[in-house]
Amino acid sequence: MTSKNTFWISLFYLLIGINTFSNAQNSPSQINIQTIYDGVEFDMPKVKETSFPDFLLSIAEFGAVSDGLTKNTEAFAKTIEAVAKNGGGTVLVPRGIWLTGPIRFQSNINLHLEAGALILFSKDFEDYPLVETSFEGLNTTRCVSPIYALEVENIAITGSGTIDGNGDAWRPVKRSKMTDSQWKKLLASGGFLNEKKDIWFPTEGSRTGYISSSSFNVPDLIDASEFEKVRDFLRPVMVSIVSSKRILLDGVTFQNSPAWNIHPLMSEDIIIRNLSVRNPWYSQNGDGLDLESCKNVLIYNNTFDVGDDAICFKSGKDQDGRDRNMPTENVLVKNNIVYHGHGGFVIGSEMSGGVKNVHISQCTFMGTDVGLRFKSTRGRGGVVENIFISDIDMLNIPTDAINFNLFYGGNSPVLEAEQSADREKRDETVFPVTEKTPSFKNIFMKNINVTGSGQAANFQGLPEMNLQNVRLENSFFEAKKGIIAVDTDGLELVNVKVISPMDAALTLYNSKNIAVKGFSFAENGETPIRLMGEKSGNITFQKADFKAAGSQFFHAPELPKNAVKIE
């Protein structure tokens, strides 16, 4: 080994040690690898951690140039190859702007970005060949991801640098997401409009792909042989990790992705910590983290500010997901902050393989469209169960702090100009229960604190498959509207306070086996409890909770006789 390599290695590990000591001294409240398993409600194996040999090579040693103009695709590939041939170790990215095409991982590689290092991915679509992959839960064709790992083991992306996907080169933009001045500036930059002139496309190929598609997923109106012509439309996720084991993402900023930011798929033993994940508010499909069909995962001490769902769990869509039959399971999510995003923590809507054994705690959502968001629809199938949520603080959530929507039609929580709530209207028809019927059950929430929300909570099951066994306790909601439960079986509200000046504190419709204890609410002139639906029954309240409200503390014109008990 050369003296130059010895110097780099010594300096690298010295800085890592200093950084670890500094974090331990200055962030005593942060979760760490020893404490993250504390208080978990289910048994799960400890996540297997990464480990790398003390061998390091810099991309600069293989001809990389940090001018932001020279493509360093070959230098990245050669450095990774050399480190892998030596049995693994660290690929060092020094300070500078390193333009590159796709980076493909091999096993036992730690891609480490020094402070001030920026990996900037190329805008040239020809650099990203088409590959067979999965996107939005379906088997499909997309451009290869800027960072791509397939069937590898023991890999990491670490450091304090930034990875930028140059997403504005790929993404369409909806008129409804921009102000007049922003839209005018975007049009002046070039690009193309759709026929309605309400969606801007960065290239003609992108627009052609949109016209050739009946969905957001793949141009299904043209033959696969023509996909090369619409390559610009087939936006990749920025980080794609598929069928891999022992993965660490630590400290880096991921931003400006073409589609989703980080997408671990069918992988296990994953640690995601200390990240900053960013996307513009207008970024179409600009999710932060989409964990799909993965198991044994730790997600902690991260910050998200994105254009779509922030922390999202999936497991495939419809038949493709059911055929895969790989749930997302054994996941701990602690001490994360979410700013803008369609949802702070989300399950679905592609959950056909199931989601189970999930713990979420000590998270803060500020200005997120929805706080805790669970979504599916008829046709998905799949079971979501054993979800434990605690110690969540939410501020200025414009719609629902908690939302279960099993009639999800793909709309954003805050409807845009071209969208319609009609797509998500309830259908009271009772459908047969089959493998295509989604099921959400055994959801436990406690210590939820909400201030400035549109609605406290919205629990919506299906008529043929109610939302089952949900417990909400020791929680406070200050919202314009209260809690509503529709087609819910087994809801428990224990020590819950609701301040809802525009609505009843609690509304139940076609819901049964409901137990309410220690429920308090603000007097606002409304009947605090509304009970509706012929299928409602076995609803229990505590009389002591309603002494201040007088004798008319609930309104139940449609309920069967003896459907409500006051104890």
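In this predicted model, the side chain of N466 reaches a backbone atom: one of its polar atoms lies 2.9 Å from the backbone oxygen of L462. The side chain of N466 also has a partner in another side chain, that of K512, through a polar contact of 2.9 Å. Where does N466 lie? Look for N466 in the loop between β32 and β33, the latter covering residues 467-486. Is N466 buried or exposed? Its relative accessibility is 9%, so N466 counts as buried. Leaving out neighbours within four places in sequence, the residues in contact with N466 are F440, G461, D487, T488, D489, N510 and K512.

## Along strand β32

Now step back from the loop into strand β32, where you will find Q455. Q455 counts as buried because its relative accessibility is 13%, and buried here means under 20%. Like N466, Q455 has a side chain to follow: a polar atom of the Q455 side chain lies 3.2 Å from the backbone oxygen of G482. If you set aside residues up to four places away in sequence, Q455 touches T399, D400, A401, A479, K481, G482 and I484. Try finding I397 as well: I397 and Q455 are 58 residues apart along the chain, while their C-alpha atoms are separated by 8.5 Å.

## The nonpolar cores

Which residues touch the most other members of the largest nonpolar core? They are F313, M445, F459 and F519, in a core of 118 residues. Strand β32, which spans residues 439-460, supplies the largest share of this core, with 8 residues. A second core, separate from this one, has 15 residues, and I31, I36, A156 and L248 are among them.

M445 is a good residue to click on. Not counting residues up to four places away in sequence, M445 touches L372, I389, I402, F404, F459, V470, R471, L472 and E473. Two of these names, R471 and E473, come up again in the next section.

## Salt bridges

How many salt bridges are there? The count comes to 21. Three of them are set out here, with the distance between the closest N and O atoms.

| Acidic residue | Basic residue | N to O distance |
|---|---|---|
| D250 | R273 | 3.0 Å |
| E329 | K356 | 3.9 Å |
| E473 | R471 | 3.0 Å |

Take the salt bridge between D250 and R273. D250 sits in strand β16 (residues 245-250) and R273 in strand β19 (residues 268-273), so this pair ties together parts that are 23 residues apart in sequence. Are these partners buried or exposed? D250 is buried, with a relative accessible area of 17%, and R273 is buried, with a value of 17% too.

The salt bridge between E329 and K356 links distant parts of the chain: E329 belongs to strand β25 (residues 328-334) and K356 to strand β28 (residues 355-366), 27 residues apart. E329 counts as buried at 17% relative accessibility, whereas K356 counts as partly exposed at 30%.

In the salt bridge between E473 and R471, E473 has a relative accessibility of 18% and counts as buried. R471 is partly exposed, with a relative accessible area of 23%. There is also a network: salt bridges with shared partners join K71, D124 and D127.

## Out on the surface

Which residues form a nonpolar patch on the surface? Y210, I211 and F216 do, and together they have about 300 Å² of accessible area. I211 is part of helix α4, which covers residues 204-211. With a relative accessible area of 57%, I211 is exposed.

## The whole protein

Finally, zoom out. The protein has 5 helices and 41 strands. Of its 567 residues, 56% count as buried. The accessible surface of the protein comes to about 22,700 Å², and 50% of that belongs to carbon and sulfur atoms. What share of contacts between residues at least 6 apart in sequence join residues at least 24 apart? The share is 71%.

Definitions and conventions
Residues are numbered from 1 along each chain as its sequence is written. This is a predicted model: local features need pLDDT of at least 70, side-chain atom pairs count only at pLDDT 80 or more; totals for chains, interfaces and linings use all residues. Side-chain values use heavy atoms; hydrogens and water are left out. A nonpolar core is a set of buried Ala, Val, Leu, Ile, Met, Phe, Trp, Tyr and Cys residues joined through side-chain atoms within 4.5 Å. Buried means under 20% relative accessible area, exposed over 50%, partly exposed in between (1.4 Å probe, protein chains only). Helices (H or I, at least four residues) and strands (E, at least two) are DSSP runs, numbered from the N terminus. Contact means heavy atoms within 4.5 Å. A polar contact is a pair of N or O atoms within 3.5 Å; within protein, one must be able to donate a hydrogen and the other to accept it, and residues adjacent in sequence count only if both atoms are side-chain atoms. Patches are made of residues with over 30% relative accessible area and no salt bridge: like charges are joined within 9 Å, nonpolar side chains (Val, Leu, Ile, Met, Phe, Trp, Tyr) within 5 Å. Accessible areas come from the Shrake-Rupley method with a 1.4 Å probe; for residues, only the protein chains shown count as cover. A salt bridge is a side-chain nitrogen of Lys or Arg within 4 Å of a carboxyl oxygen of Asp or Glu.
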